[in-house]
Amino acid sequence: MFYILSFIVALLYVFFDVNYFLRTIFTVVIGRLFEKRVKITDPTTIYGFCFTQDLDIAGRHMNNARFVRDLDFSRFHFYDRTGLYAEMRRRHTDAVQAATSIRYRRVIPIFTFYKIESQLLYWDEKAFYVEQRFVTPHDGFVRAAVLSKQVMLRARADEMVTTLCGGQVEKPALTPDLDLWIKSMEASSERLRPHKS
């Protein structure tokens with residue numbers, strides 16, 4: 001029985017990123033057990049630790065891909081703690097990560113704790129624009145800053161915000177960097193569209 005179980009676990013690790021799914025479940029469950037729900041306009045926070053599996057080829061700090069991977073855990077936590085995930089299920093919709101822009105400011109060294117703060121900055125009819133920050137608690141330094149666009153399928157993002165806030169909510173002003181980023185995506189979309197000659 002032990003050998004069969006070991007073989008099944010080995011197959012799962014070969015064909016699936018088991019640690020990704022375990023970390024996602026762990027993050028959401030811990031949030032539900034120990035954290036209160038927050039408004040969709042409030043920030044949420046999860047914590048991480050740079051371990052040996054996170055290192056780049058130099059072996060001293062977190063590799064770039066791990067930053068992007070951790071954004072998923074923070075996003076799932078944000079969806080769950082703000083009630084957005086429940087509202088998406090109620091409306092029979094889903095979200096697609098349409099764009100991500102990450103600015104690396106300083107490395108996260110091995111054996112260092114960090115936190116990821118997620119905050120809804122802006123929304124329109126189709127999408128949520130979220131900022132996520134990697135911060136080292138011992139010095140408060142923002143190690144990486146991320147902007148992401150999350151598009152709602154089969155539902156209006158602005159209506160979801162209104163519902164989650166219990167009525168009318170004032171949309172925040174666009175920050176200068178987010179405004180430029182949105183315009184750059186529009187320019188990129190225009191450039192990538194096939195043009196008839």
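Strands β3 and β4, the latter covering residues 127–136, are joined by 8 bridges and run antiparallel. I should state at once that this is a predicted model. The two strands form a hairpin, with 3 residues between them. To place one pair for you, Lys-115 stands opposite Val-135 in β4.

Let us turn to the other neighbour of β3. Strand β1, residues 44–49, is joined to β3, residues 113–123, by 6 bridges, and this pair is antiparallel too. Two partners may be located in the structure: Ile-46 is bridged to Ile-116 in β3, and Gly-48 has Tyr-114 in β3 as its bridge partner.

For those new to the subject, strands of a sheet pair through backbone hydrogen bonds, either parallel or antiparallel.

How are the strands ordered in the sheet? The order is β1-β3-β4-β5-β2, an open sheet of 5 strands with antiparallel pairing. At the edges lie β1 and β2, the latter spanning residues 94–104, and each of them pairs on one side only. From one strand to the next, the twist averages 25°. Helix α5, residues 157–164, packs on this sheet and touches β3, β4 and β5. The direction of α5 makes about 65° with that of β4.

Finally, I come to the surface. A nonpolar patch of about 950 Å² is made by residues including Ile-4, Phe-7, Ile-8 and Phe-21. Helix α1, residues 2–15, supplies the largest share of the patch, 7 residues. Ile-8 is found in this helix. Is Ile-8 buried, partly exposed or exposed? Ile-8 counts as partly exposed because its relative accessible area is 43%, and that class lies between 20% and 50%.

Conventions
Residues numbered from 1 in each chain as written. Predicted model: local features only at pLDDT ≥ 70, side-chain atom pairs only at ≥ 80, totals over all residues. Heavy atoms only, no water. Pairing = 2+ DSSP bridges. Helix = DSSP H or I, 4+ residues; strand = E, 2+ residues; numbered from the N terminus. Patch = residues over 30% accessible without salt bridge, like charges linked within 9 Å, V, L, I, M, F, W, Y side chains within 5 Å. Areas by Shrake-Rupley, 256 points an atom, 1.4 Å probe, with all protein chains shown as cover. Salt bridge = Lys/Arg side-chain N within 4 Å of Asp/Glu carboxyl O. Buried < 20%, exposed > 50% of the residue type's maximum accessible area, 1.4 Å probe, protein only. Axes fitted to C-alpha atoms, helices over the stretch in contact; angles between N-to-C directions. Contact = heavy atoms within 4.5 Å.
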